Amino acid sequence: QVREILAHAPRKQSIRMTISLDGLEKTHDFIRERKGAFNNAVASIRKLKALSLEDQRLIVNAQVTFVQFNKKEFYKLYDFVKNDLEVKLSFNWYRDGRAFGVDGNLIFSPDNREDPIHSDVKLPDMADCEELFEFFEEERWYDRRFRLINKYTLEILKKFRAPFACAAPKLNMVMFADGGVSFCELVKPFANLRDFDFNLKAVVESEIMKQMTKSVKNCSCIH
């Protein structure tokens, strides 16, 4: 299927394939609740890496979400991906659904799961987050965009506010299954497409849209 995508893609169009790894084999399989999931993911990375050597438009990397549960083996995973799989390992900060600087009634409540599997699926403490940030700052093969995302994410987590206004109202729209419309997955729907004859432009130009844009201008999150 990847070969078919490459065959139909423009000659100058790069295509990025990202495979998630939640940790080394035991950790990954536990989080995914499927034995053999890690080995399947690794096999996919190896195949894609080999294909990328044939077609340089294909960019392959692995990605991990940094959480309390996998922080102890993060650096071992990093070494494995870099030296054995020979691809980049990017990471996501765990998004716990919190938002700062906005009326709590406008956003969904964070999901506080307490079952055994997910009890440690949360952000590590700030010291660990800062250590990870410094680690990636020293790894020079990461691009400026990746570095800026990490910089601002860490700043928001420390100060509970972003150094810029929320851009979601200008750049983003989310539509829920029931027709609800919002700026992002954290903000509750403020309108419904059914009430606007399924005309998204009418929603964008509505008075409620203008009011909500003002209401979330100081909202900060790491989503």
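Start in helix α6 of this predicted model, where Lys159 and Glu155 sit four residues apart, about one turn of the helix. Their side chains form a salt bridge, with 3.9 Å between the closest N and O atoms. The cut-off for calling a salt bridge is 4 Å, so this pair falls within the rule. As for solvent, Lys159 is partly exposed, with a relative accessible area of 46%.

Step back one residue and you get a contact that leaves the helix. Lys158 meets Glu130 in a salt bridge, at 3.1 Å from N to O. Here the partners come from distant parts of the chain: Lys158 belongs to helix α6 and Glu130 to helix α5 (residues 126–138), with their positions 28 residues apart in sequence. Lys158 is partly exposed at a relative accessible area of 46%, and Glu130 also counts as partly exposed, at 28% relative accessibility.

There is another cross-helix link to look at. Asp84 pairs with Arg46 in a salt bridge whose closest N and O atoms are 2.8 Å apart. Asp84 lies in helix α4 (residues 74–85) and Arg46 in helix α3, so the pair ties together parts of the chain that are 38 residues apart in sequence. Neither end is buried or fully out in the open: Asp84 is partly exposed at 38% relative accessibility, and Arg46 is partly exposed with a relative accessible area of 41%. Over the whole model, the count of salt bridges comes to seven.

Now zoom out. The chain has nine helices and six strands, and its C-alpha trace spans about 55 × 45 × 35 Å along the principal axes. Of its 223 residues, 40% are buried.

What about empty space? Rolling a probe the size of a water molecule over the atoms shows where such space is left. The largest pocket has a volume of about 1200 Å³. Its lining takes in 46 residues, and those nearest the centre are Asn92, Arg95, Arg145, Ile149 and His223. Several elements each give two or more residues to that lining: the strands β1 (15–20), β2 (58–66) and β3 (88–93), along with the helices α3 (37–54), α6 (144–159) and α7 (168–171). Which of them gives the most to the lining? That would be α6, with eight residues, so the helix we started in turns up again here, as does α3, the home of Arg46. By residue type, the pocket lining splits into 27 nonpolar, 11 polar and eight charged.

The structure also has space that is closed off. A search of the whole model finds one cavity of 30 Å³ or more, and the largest cavity holds about 70 Å³. Arg95, Asp96, Gly97, Arg98, Phe100, Leu157, Leu186, Cys221, Ile222 and His223 line this cavity. Look for Arg95 and His223 in that list: both are also among the residues nearest the centre of the largest pocket. The cavity lining divides into five nonpolar, two polar and three charged residues.

On the outside, there is a nonpolar patch to find. Met175, Leu200 and Val204 form it on the surface, and together they have about 250 Å² of accessible area. Val204 lies in helix α8 (residues 200–204). Residues need over 30% relative accessible area to join a patch, so Val204 clears that bar with its 40%, a value that makes it partly exposed.

Finish with the backbone, where a couple of loop residues are worth a look. Most residues other than glycine have a negative phi. Glu33 goes the other way, with a positive phi of about 60° although it is not a glycine. You will find Glu33 in the loop between α2 (25–32) and α3, and it is exposed, with a relative accessible area of 53%. Glu86 is another non-glycine residue with a positive phi of about 60°. Its place is in the loop between α4 and β3. That α4 is the helix that holds Asp84, the partner of Arg46.

Notes:
Residues numbered from 1 in each chain as written. Predicted model: local features only at pLDDT ≥ 70, side-chain atom pairs only at ≥ 80, totals over all residues. Heavy atoms only, no water. Patch = residues over 30% accessible without salt bridge, like charges linked within 9 Å, V, L, I, M, F, W, Y side chains within 5 Å. Areas by Shrake-Rupley, 256 points an atom, 1.4 Å probe, with all protein chains shown as cover. Buried < 20%, exposed > 50% of the residue type's maximum accessible area, 1.4 Å probe, protein only. 1 Å grid on protein atoms, 1.4 Å probe; cavity = no way out; pocket = protein on both sides within 12 Å on 5 of 7 lines; lining within 4 Å. Points joined across faces, edges and corners; volume = space filled by probe spheres on them. Nonpolar A, V, L, I, M, F, W, Y, C, P; charged D, E, K, R; others polar.
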